[in-house]
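Colleague: I'd like to learn how to read a model like this one. Could we go through it together, feature by feature?

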Amino acid sequence: MSYEIKTGKEQAEPILWTGDFYNEGTGSGDVFDTLKEECGVFGVFGHPEAASMSYYGLHALQHRGEESAGICVANGRDFNYHRGMGLVKEVFDKDKIASLIGDMSIGHVRYSTSGDSRLTNAQPLIFKYRDGDLAIATNGNIVNEPLIRKELEQAGSIFQTTSDTEVLAHLIARSQKDFVEATKDALRQLVGGFAFLLMTNDKLVVASDSHGLRPLVMGRLGEAYVFASESCALEVIGAKLVRDIEPGEVLVLDKDGLVEDRFAEPKRKALCAMEYIYFARPDSDMNGSNLHSARKRMGSRMALEAFVDADLVTGVPDSSISAAIGYAEQTGIPYELGLIKNKYTGRTFIQPSQELREQGVKMKLSAVRSVVEGQRVVMIDDSIVRGTTSRRIVNLLREAGAAEVHVRITSPPFKNPCFYGIDTPDRRELIASYQSIEEMCTEINADSLAFLSPEGLITSIAGRNSGDYKGGLCLSCFDNDYPTQVDFGGEEKDGCSC
């Protein structure tokens, strides 16, 4: 049985990973067509074991990027760094960490599209320029990067990577101002969503875009400062969360301590809603809200908006478990583990058969027959992208004997591409952009289908009394209301190449 859908053109056949490192070249052809977060960043200032702290921090952020990892350490004189393709535990071992000596570091984990899956784009990116060494790590996407790159190349700049991040380095290097002022000037020229960590031989600079689109937090570990894309990375090293980095803020840390400054006035606050819905770990906190709690509220609100009589509730692991618990608690319908995720399918060095290609989802997800057989099942998931994954999972439940499968999505229909650091398909491949909810229900083979309303999502995350526009969230993938300009005369690009 084939579970593919068509979107007016033949879909690429899904393939399982068979490359030299985990997740090499995965993307829309993966058996799971879920959205991909692009990067995670981690920084340490003032700790004698900065490299070890970064290793553990990146390990906690592994879900944000599984193609490459890197750590750069400064000791006041020069840089020591190591980068590689693969998971954090594959790139680093005890000896490599021991060789990275210094009390200041920045680290990075990265996911990319297949065309940019190469070591030259692995971060942190390292540069030599007139004032010494420079390392940069980022999470996000610079929307006007193609235009800036073109202008810089016409002025004589030579680029070594296809990464957005390199643009910032060129802008800094061309400035006649000191490093901090040059960085602030360069950041003002960028349009998009980004969280930057920049390191020289004696400074660490931290910056967030003026809308706060990408998450970034600060913590303390004794006298040391720690920065991370998510607070869960602070917990793993015993650091205490201090606060979120504010939109338009730039922090400078050196021998004189911490200077809190900004390169731009904060604009409309617009933290990516998909962080709450899907990307961030449930044990992370963002803007004072715990992710697990927010997702439970989404599930509870979903139950109020789209109740269906059923025998059990199950969540698609892992991101939808919290929402499924919330739905079950609100309705009184029992929550059960109807779907189990196999976490150990990453390395497969044999070419799968055609039969396994078509049913490859079973290698990563299994329905528990003894739980779902003969039952009316409410399946909670966080989003529908192309629809192929939802159809496969619904069919898994049906093959396991489910009498009915009712799908509830704890986000509005995903209709528009993201320009701020999430790898999304072309709008024409997003099923919600060209099909009604009724048509999608038929396409994924469900008995019923409902999505959480935008109002329900905002209330679940930000609360009823939030004074920020749309609860301080970016909902552009749902409502096409982008917080920044995204059209730069045909020079814009989808997704991210950070």
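**Salt bridges, a sheet and a helix pair**

Modeller: Let's start with a small case: D93 and K96 form a salt bridge, with 3.7 Å between the closest N and O atoms. Keep in mind that this is a predicted model.

Colleague: Fine. Is D93 buried or exposed, or something in between?

Modeller: In between. The general idea is that a residue counts as partly exposed when its relative accessible area lies between 20% and 50%. D93 has 37%, so it is partly exposed. K96, at 29%, is partly exposed too.

Colleague: How many salt bridges does the structure hold?

Modeller: It holds 27. One of them joins the side chains of E249 and R243, at 2.8 Å from N to O. Here the burial is mixed: E249 is buried at 7% relative accessibility, whereas R243 is partly exposed at 23%.

Colleague: And which salt bridge links distant parts of the chain?

Modeller: Look at E429 and R386, whose side chains meet at 3.1 Å, N to O. They are 43 residues apart: E429 sits in the loop between β23 and α14, and R386 in the loop between β21 and α13. With under 20% as the cut-off for buried, E429 makes it at 16%, and R386 does at 8%.

Colleague: Which residues are linked in a network of salt bridges?

Modeller: R64, R214, E230 and E275 are linked that way.

Colleague: On to the sheet. In what order do the strands run?

Modeller: For an open sheet, read the strands across from one edge to the other. In this one the order is β6-β7-β8-β9-β13-β14, six strands with antiparallel pairing. The edges are β6 (125–129) and β14 (257–262); each has a single partner strand, so one side of each has no neighbour in the sheet. From one strand to the next, the twist averages 20°.

Colleague: Can we zoom in on one pair? How many bridges join β9 and β13?

Modeller: Four bridges, in the antiparallel sense, between residues 204–208 of β9 and residues 249–254 of β13. To get the register, pick a residue and see what faces it: L204 stands opposite L253 in β13.

Colleague: What packs on this sheet?

Modeller: Helix α6, residues 179–188, does. It touches β6, β7, β8, β9, β13 and β14, and its direction makes about 165° with that of β8.

Colleague: Back in β9, what does S208 touch?

Modeller: S208 lies in that strand and is buried, with a relative accessible area of 1%. Leaving out residues up to four places away in sequence, its contacts are F194, R214, I245, E246, P247, G248, E249 and F263. Two names there have come up already: E249, from the salt bridge with R243, and R214, from the network.

Colleague: Last one: how do I read a pair of helices, say α4 and α5?

Modeller: Take the distance, then the angle, then the hand. The axes of α4 (residues 145–154) and α5 (residues 165–174) come within 10 Å and cross at roughly 45°. That angle makes α4 oblique to α5, and the crossing is left-handed.

Colleague: Which residues meet there?

Modeller: From α4, they are E145, I148, R149 and L152; from α5, V167, H170, L171 and R174.

How values were computed. Residues numbered from 1 in each chain as written. Predicted model: local features only at pLDDT ≥ 70, side-chain atom pairs only at ≥ 80, totals over all residues. Heavy atoms only, no water. Pairing = 2+ DSSP bridges. Helix = DSSP H or I, 4+ residues; strand = E, 2+ residues; numbered from the N terminus. Axes fitted to C-alpha atoms, helices over the stretch in contact; angles between N-to-C directions. Contact = heavy atoms within 4.5 Å. Salt bridge = Lys/Arg side-chain N within 4 Å of Asp/Glu carboxyl O. Buried < 20%, exposed > 50% of the residue type's maximum accessible area, 1.4 Å probe, protein only. Parallel < 35°, antiparallel > 145°, perpendicular 65-115°, else oblique. Left-handed = near helix turned anticlockwise from the far one by under 90°.
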